[in-house]
Amino acid sequence: MTLITDSLSTEVNVPLRDVVGNRELALDVVPETLRPGALDAPVRWAHVSELQDPAPYLLGGELILTAGVNLPERIDRYVRGLRDAGVTALGFGLTPTVHETLPEPLRRACARRGLPLLVVPSRTPFLAVNRAVSVALTEAGQREQRRITAARETLTRAAGGGLGELTSSLAAVLGSWVALVGAGDVLASAHDAPTPLPTAVRELMATVRAGSGIRSATTELAGGFVVVQPVYPQATASHLVVVGRSRRLDGAERAILAVGAALLGLVGRAGSDAAELGAAATGLLLGRVSPGDAARSLLGTEVVRLVAGAAHRRGPDEVARRPDWLRARLDTPLVSVRPGPSFVAVAGSVPRLDDLRASGWLAAVGSPVPAAGVAAAAAEVDLLLSRARALGRPVVAGDSPLDFDALVDSGASRGFAAKALEPLVALDQAGDRSLVLTLRTWLAHHGAWEPTAAELGVHRNSVRHRIAQVEKALGVDLADPEIRMRLWFALRWSAQRP
């Protein structure tokens with residue numbers, strides 16, 4: 001039995017064959033570098049790098065593009081580093097000014113290490129490859145989102161019919177057998193789920209239940225794959241969803257399984273109220289009830305807080321990036337994990353932020369707001385997260401004795417903010433200059449150019465130019481600490497909900 005602890009990430013990717021098959025790019029594949037299944041490997045991004053050792057800066061799944069400007073003498077070590085970093089393929093660009101032909105040592109090294117090597121002709125700029133991959137990823141993401149949305153509607157409609165109907169619906173959507181297992185009994189099953197469950201599956205269930213936090217795991221079994229995942233909001237591993245079929249679940253199917261598991265948890269917890277809670281979940285996913293009403297139903301509170309988090313220092317490991325891990329730590333099922341990595345969650349209380357930081361997350365918590373107004377709190381928590389990044393520690397709105405927001409009329413403060421920032425907002429809308437974002441980030445980093453540039457992903461000279469534009473537009477001198485203070489509060493007050 002092969003046990004694989006899974007990430008529930010739904011990160012979009014496209015197979016390498018889709019990139020190679022794009023006729024407009026005219027990419028040539030070096031055949032001897034291809035191993036079985038290489039063209040089915042996922043491409044998550046295309047990235048240009050002329051570093052002699054780019055491996056430490058990669059996440060895996062990239063199509064690396066290079067013209068060989070700084071190609072190291074130890075080619076085999078270079079290729080091995082890329083392969084060990086999880087790079088999907090290497091694209092080598094031919095150019096009359098650097099390499100007119102493919103270097104033979106590079107060809108041999110890629111063949112030896114099994115790293116697919118693509119030759120990019122001189123007439124195909126790297127930007128065209130980047131754009132093609134970006135377009136393909138966008139289209140793939142849209143297809144997956146439509147698929148997930150359709151499945152959500154199907155599952156939430158089935159939730160009103162109880163565990164049996166919901167289990168059957170989940171099995172139909174995934175094309176698999178499904179079993180919902182309680183502490184010792186199968187509570188519901190569909191599509192010929194094996195009875196009793198095989199020993200290997202029971203061992204996998206025991207492994208999941210014995211682990212810390214909520215996890216998902218996969219095992220290979222009799223030529224197929226079985227996935228075990230706890231339901232939520234049980235908040236324990238006592239109730240498990242077991243799914244089996246001939247092939248692995250892809251990213252979209254993982255998201256669908258997560259929805260099904262959450263609904264099974266709701267229906268199972270509700271007992272006789274299953275139809276009512278199923279209808280509430282259906283209303284949320286179909287847009288028939290407000291997010292505030294859904295938050296009250298799921299969290300059991302009239303007042304909620306928005307929590308936002310971003311990677312801190314080395315960032316969270318694969319386990320801590322998983323939505324189920326975050327749901328358990330934040331004590332809420334309302335968690336969304338985003339690229340970066342980052343997350344946003346709606347919680348009923350302030351979570352243990354130091355525990356999150358110890359796991360590689362830096363978080364900020366917004367002010368308490370009525371559940372119906374949670375959407376309007378996003379701007380405030382984004383601003384607080386910028387402040388947390390600059391300070392290197394968590395930030396919670398309203399937890400300091402120096403907070404004086406309650407002393408300032410909210411209408412007056414928003415009016416001041418709108419008037420103070422109006423010139424910058426107008427310039428941003430006219431030319432997409434990102435002046436408000438740049439000012440906010442720069443002030444959060446106490447006017448430091450390098451950290452601001454790093455967070456914005458631009459050169460420090462671009463930051464200097466934008467700050468000069470801010471000074472000109474507002475007619476102020478940002479060397480004045482009082483001006484900085486006033487603008488910071490203008491930014492903060494502009495983020496407050498009406």
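**View 1. Helix 5 and the residue that follows it.** Just past the end of helix 5, Gly-175 adopts a positive phi of about 65 degrees. Keep in mind, as you look through these views, that this is a predicted model. Within helix 5, the buried residues are Leu-166, Thr-167, Ser-169, Leu-170, Ala-171 and Leu-174. A quick check on the geometry: at 1.5 Å a residue, its 12 residues should span 16 Å, and the end C-alpha atoms of helix 5 are indeed 16 Å apart, so the two values agree. If you are tracing which side chains line up, recall that an α-helix has 3.6 residues a turn, so residues three or four places apart point the same way.

**View 2. The largest nonpolar core.** Here we move to a core of 28 residues, the largest nonpolar one. Those with the most contacts inside this core are Leu-155, Leu-166, Leu-170, Val-241, Ile-256, Leu-257 and Leu-264. At least two of its residues come from each of helix 4 (126-159), helix 5 (163-174), strand 9 (177-181), strand 10 (186-190), strand 13 (240-245) and helix 7 (251-270). Which element gives the largest share? That is helix 7, with 10 residues.

**View 3. Around Leu-257.** Setting aside neighbours within four places in sequence, Leu-257 is in contact with Leu-170, Leu-174, Val-227, Gln-229, Val-241, Val-243 and Leu-249. Elsewhere in the model there is a second, separate core of 22 residues, and Leu-439, Trp-442, Leu-474 and Leu-478 are included in it.

**View 4. Helix 14, mostly covered.** Of the 10 residues in helix 14 (residues 435-444), seven are buried. They are Leu-435, Thr-438, Leu-439, Thr-441, Trp-442, Leu-443 and Ala-444. Two of these names, Leu-439 and Trp-442, also appear in the second core. Directly after helix 14 comes His-446, with a positive phi of about 55 degrees.

**View 5. An open sheet of five strands.** The strand order is 3-8-7-6-5, and the pairing is mixed. Strand 3 (28-29) and strand 5 (45-48) are the edge strands; each has a single partner strand, so one side of each lacks a neighbour in the sheet. Inside the sheet, strand 6 (residues 62-66) and strand 7 (residues 89-93) run parallel and are joined by four bridges. Look for Leu-65, which sits opposite Gly-91 in strand 7.

**View 6. Helix 4 against the sheet.** Helix 4 lies across strand 5, strand 6, strand 7 and strand 8 (117-120). Relative to strand 5, helix 4 runs at about 160 degrees. Helix 4 also supplies at least two residues of the largest core.

Technical notes:
Residues are numbered from 1 along each chain as its sequence is written. This is a predicted model: local features need pLDDT of at least 70, side-chain atom pairs count only at pLDDT 80 or more; totals for chains, interfaces and linings use all residues. Side-chain values use heavy atoms; hydrogens and water are left out. A nonpolar core is a set of buried Ala, Val, Leu, Ile, Met, Phe, Trp, Tyr and Cys residues joined through side-chain atoms within 4.5 Å. Buried means under 20% relative accessible area, exposed over 50%, partly exposed in between (1.4 Å probe, protein chains only). Contact means heavy atoms within 4.5 Å. Two strands pair if DSSP finds at least two bridges between them. Axes are lines fitted to C-alpha atoms, for helices over the stretch in contact, and angles run from 0 to 180 degrees between N-to-C directions. The expected span of a helix is 1.5 Å times one less than its number of residues.
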